[in-house]
Amino acid sequence: MSFSVRPYQHQAAEWLSRRKRGAIISPAGSGKTLMLAYALDMAIKSRVRGRKVRIGWVANTKEQCQQAQEAMDTFPLVAKQDIRIACAAAATDWSDRDVLVIDEAHRLASAPSWQSQVETCKGAIWLMTATPPEDPALLAVFMRYCEKMHVISREHVQNNLAPAVVRWLDATDPGLKEPIDREIDRVVRIRQRYWSGDQGQLWGQVAWQVVVEMGIVANVARNSAAISAATNDRPTLVLINQVEHAHALAAQIPGAVPCYSAMGAKARRQVLDDFLAGKCRCLIASSLADEGMDLPNAEVLVLVSAGKSAARTEQRTGRVLRQFCGKTTAVIYDFKDLYHPLPAKHARLRGELYKKLGYTILP
């Protein structure tokens, strides 16, 4: 792997290399992992020679751990240090580390398991994310660990991202609304017997679960539109909610292969390598591809998974924004989901985000 430093990356890495605690906030596709490795390289070069620097790196998935290792291997001086990389789920003790890097650090704000292990580190703590918490309370928790943030705007990286074009798919089955509403009411009545929390929260959880099952996974018209969008001659990423849905779609999309956590790290790595090498044209992935997965050759995204989270949508669409040889545009297929008011509202929220991010929106 080689690294051609862009001006915004140099500025951010230099800023972070002088910090005891800090966070780099940078859009998806801007090269955050290499940026952090570059900051480590700068920090090591500036210190008095002595023992190896003890580096810790926390990531969310094994794929992100591998990407971290590859990024640090890019810098020979960093690669010679005492490096330990682990998934957050391993709950590692970082008390002996001189510096601890937290990948996808927005998770830190709402996950006590992340917080407890980060708090074991007595050295420098560096965070990176594309989507810091929007909720003020969660942002306050996030800021406890970084003190200051260096924000790289989308304008800074725009020339280094592929132009994004959003195409809305109008695959509406008007006959779904009543069955979905009946199923929501049925499940809510059952769960109310042992539910002691807010009733609105209960309805929201049940409604989304039912929408996923009946409005996304089992929606024939919607699935047909997704299959058509994914049947093309360009490297394509399809994001889904359920493993069973991945297999169902893969059976109908030429050259498609499912990719999900339960298949195991070795098999998953082979699928990803095949996709990057062009041996697999279409990757149908679960939430493990929502953030941090490096798929620079992906040109088309079919957002089957839907949802209302702005942070998650930005992360997901960022999977296809990386520049790559031959890539002129990144095409994002999304769904209007007019079959029910709840997913239709989510679609409108995603549409507002696309405008905010400067994506070109086609009818």
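Guide: Let's start with a definition: contact means heavy atoms within 4.5 Å. This is a predicted model, where local features need pLDDT of at least 70, side-chain atom pairs count only at pLDDT 80 or more, and totals for chains, interfaces and linings use all residues. Residues are numbered from 1 along each chain as its sequence is written, and side-chain values use heavy atoms, with hydrogens and water left out.

Visitor: OK, so which residues is leucine 40 in contact with, leaving aside neighbours within four places in sequence?

Guide: Leucine 40 meets Ile55, Trp57, Met72, Val78, Val99, Val101 and Trp126.

Visitor: And how do I read a nonpolar core?

Guide: In soluble globular proteins, nonpolar side chains tend to be buried together. Here a core is a set of buried Ala, Val, Leu, Ile, Met, Phe, Trp, Tyr and Cys residues joined through side-chain atoms within 4.5 Å. Buried means under 20% relative accessible area, exposed over 50%, partly exposed in between (1.4 Å probe, protein chains only). The largest core has 59 residues, and Leu40 and Trp126 have the most contacts inside it. Its largest share, nine residues, comes from helix H2 (residues 32-46). A second, separate core of 38 residues includes Val187, Leu249, Ile284 and Tyr333.

Visitor: Is isoleucine 152 buried or exposed?

Guide: Isoleucine 152 has 5% relative accessibility, so it counts as buried. Helices (H or I, at least four residues) and strands (E, at least two) are DSSP runs, numbered from the N terminus; isoleucine 152 sits in the loop between strand E6 (149-151) and helix H7 (154-157). Beyond residues up to four places away in sequence, isoleucine 152 touches several others, including Tyr8, Pro27 and Met35.
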